[in-house]
Amino acid sequence: MTESRDDGPVVAAKKNADAMTRATIPNAVGNSALARAVTINRPVAEIYAYFRDFSNLPSFMENVVRVTVSDDTTSHWEVKAPGGTTVEWTARLTADEPNALIAWMSEEGADVPNSGRVEFREAGARGTIVTATILYDPPAGVVGKLIAKMFQREPAIQARRDLRRFKQLMEAGEIATAAMNRKQFEEMGL
Amino acid sequence: MRALAWHGKHDVRVDTVDDPGIVNPRDCIIKVTSTAICGSDLHLYDGYIPTMKAGDILGHEFMGEVVEVGAKSTLRKGQRVVVPFTIACGSCYHCGKHQYSACDNGLPADNQDIAQELYGHPMAGLFGYSHMTGGYAGGQAEYVRVPFSDVGPIVIPDGIEDDKVLFLSDILPTGWMAAENADIEPGDTVAVWGCGPVGLFAVQSAFLMGAERVIAIDHFPRRLQLARQFGAETLNFEQTDIYDALMLMTGGIGPDAVIDSVGLESHGLYVDNVIDQVKVSTFLGTDRAHANRQAIIACRKGGRVSMPAVYGGFVDKWPLGAFMEKGLTLKTGQTHVQHYLPGLLQAILEEKIDTTFLISHRMDLEDAPLGYQKFHDEQNDYTKIVLKPGLNG
């Protein structure tokens, strides 16, 4: 009997998606997996360069308060969590291929242990495909994940929205908002 | 400023709210001089569109004077502009293909979730039309913040009165695209369900595109009379069996193209409609679609179905079998307004297209709640209401 062949990315598998995705990440940290892809109508070099300067990331990552770049391979992250709290970790680059790949893992002592990779692929007339694959351990396990989801800070929702904002920023030069004026904008957040 | 806000089913009020201001570099602020109530606003008024919040400012057909510009706006203060109802960035893949209503970036990121869940993909933003379409404040107000003002608004030459160009914002391009989507060939017979503004502009457009006959269907005598003014033959579905009439009028062939400009609140006492009505009121379905079913059954074999009408959710008993067996083609979608603006403005300036015939009433913005009620209850006489802030001084 031949094995059933399936070209679907493992993260979309109906069974064991988390474990199979974990197996594709070198230096894997974290047991829950998520992946999102977005196509951005700009050249790959521009997309990679903006993303690679991690201090830019809070401009479109709503819950990332600050990324402090320590040296070529380490950066410190402060991220909003449910209930007005903040979680922190130090991330270390595990791979960096210009215009192709950025991969990282969190170091010991992370509030939310995580790792992952962001791939950049040139897509001809359509621009660049950006695919983010993230592993993480939600704080306080399943219950924490549920609470985070209630407060819309669940990483899967956040990653989806952050990638949309990244696309808006790169393509349109600004992030769409329905705020009627600056005052409403400050109240609504990013 | 004063603005017309939604507070619930059949409850709209003119409230005093904060003035809008520039938020993003590509924004502009316009002072509204004319704004219309659209047939699709009645879907909001009737409570059919989900994700509305009390206090939402309505209105997506508006024009006015530029009073403030962001650093990257290409407009200048004092220019008169008509604003498309679709909010599109102009820089994504879809905008590049002039599929503006499919813009990737018109909706705020958080508001994209609902459409992504419901439709598979988020669409462009819309002014004043629920949070699913962005939660943008609309144009039935004294002032409006217009995002991506370097792409959307079209500048109107001096000396052209508002009433001639206001409908560039939505219903004229929507009627035009409806006819374009019908792929009309010279000699065609085109049947149009619904003689609201979009249907009436579709009638005009179909003739301009070479249709030999246009048959317009409605039940309001005044609206049918307007369709006749443009050369359409008319059928009143309260007096005439539509399928039988269309077959006799076309020698049994059926119309070459059918246009459904009725949409999710199709009227009439038909079995499928009554079942739909029950389902809508019990939340088993969201859309009533009798006109659409009738159009598909009447359409000739191998014909074209164009659907400018608004549908939001799911319909039952859609005649998929007839659609497949007869080999029909369906084209639809929210209007790619920005794509049509230059050509249609030119057609208005050259007086090839008349738009002012449609306006039955002009009212002060302060009287907008009365306008909604009249437009809703007296559709025969109220074909189109244009609101003008400060009309009564």
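Helix α8(B) lies across β11 (189-193), β12 (213-218) and β13 of chain B, running at about 170 degrees to β12(B). Axes are lines fitted to C-alpha atoms, for helices over the stretch in contact, and angles run from 0 to 180 degrees between N-to-C directions. Contact here means that C-beta atoms, placed from the backbone, lie within 7 Å. Helices (H or I, at least four residues) and strands (E, at least two) are DSSP runs, numbered from the N terminus.

This is a predicted model: local features need pLDDT of at least 70, side-chain atom pairs count only at pLDDT 80 or more, and totals for chains, interfaces and linings use all residues. Residues are numbered from 1 along each chain as its sequence is written, while chains are lettered from A and ligands numbered from 1 in the order in which they are written.

**The six-stranded sheet of chain B**

The strands that α8(B) crosses belong to an open sheet of six strands. Its order is β13-β12-β11-β14-β15-β16 (chain B), and the pairing is parallel. Two strands pair if DSSP finds at least two bridges between them. β13 (233-236) and β16 (329-332) of chain B stand at the edges. Each has a single partner strand, so one side of each is left without a neighbour in the sheet. From one strand to the next, the twist averages 20 degrees. Inside this sheet, β14(B) and β15(B) pair over three bridges. There, Ala257(B) stands opposite Arg304(B) in β15(B).

**Helix packing in chain B**

Helix α8 (residues 242-249) of chain B also packs on helix α10 (residues 290-298) of chain B. The angle is about 30 degrees and the axes are 10 Å apart. α8(B) and α10(B) are therefore roughly parallel; the class takes angles under 35 degrees, against over 145 for roughly antiparallel, 65 to 115 for roughly perpendicular and the rest for oblique. The crossing is right-handed: the near helix is turned clockwise from the far one by less than a right angle, where anticlockwise would be left-handed. α8(B) contributes Ile242(B), Tyr243(B) and Leu246(B) to the contact, and α10(B) contributes Gln294(B), Ile297(B) and Ala298(B). By class, this contact has five nonpolar residues, one polar and no charged. Ala, Val, Leu, Ile, Met, Phe, Trp, Tyr, Cys and Pro count as nonpolar, Asp, Glu, Lys and Arg as charged, and the others, Gly among them, as polar.

A second pair is α5 (residues 171-181) and α6 (residues 197-208) of chain B. Their angle is about 55 degrees, with axes 7 Å apart. α5(B) and α6(B) are therefore oblique to each other. α5(B) passes α6(B) in a right-handed crossing. Residues of α5(B) in the contact include Leu172(B), Trp176(B) and Ala179(B); among those of α6(B) are Val198(B), Phe201(B) and Ala206(B). The contact of α5(B) with α6(B) divides into 11 nonpolar, three polar and no charged residues.

**Strand pairs**

| Strands | Sense | Bridges |
|---|---|---|
| β14 (257-260) and β15 (304-307), chain B | parallel | three |
| β17 (361-364) and β18, chain B | parallel | four |
| β3 (28-36) and β18 (385-388), chain B | antiparallel | two |
| β1 (2-8) and β4, chain B | antiparallel | two |
| β5 (101-106) and β6 (114-122), chain A | antiparallel | five |
| β6 and β7 (128-136), chain A | antiparallel | nine |

**Around β18 and β1 of chain B**

β18(B) has partners in β3(B) and β17(B). Thr35(B) stands opposite Leu387(B), and Arg362(B) stands opposite Val386(B). β17(B), helix α13 (residues 368-377) of chain B and β18(B) make a right-handed β-α-β unit. Right-handed here means that, with the strands pointing away from the viewer, the path from the first strand over the helix to the second runs clockwise.

α13(B) also lies across β1 and β2 of chain B, at about 160 degrees to β2(B). These strands sit in an open antiparallel sheet of three strands, ordered β2-β1-β4 (chain B). β2 (11-16) and β4 (56-57) of chain B are its edge strands, each pairing on one side only. Trp6(B) stands opposite Asp56(B) in β4(B).

**Chain A and the interface**

In chain A, β6(A) and β7(A) form a hairpin with five residues between them. Gly124(A) in the turn has a positive phi of about 55 degrees. Arg117(A) has Thr133(A) as its bridge partner in β7(A). On the β5(A) side, Met105(A) stands opposite Ser115(A) in β6(A).

The contact between the chains takes 27 residues from chain B and 19 residues from chain A. On the side of chain B that touches chain A, 12 residues are nonpolar, nine polar and six charged.

How values were computed:
Two residues are in contact if their C-beta atoms, placed from the backbone, lie within 7 Å.
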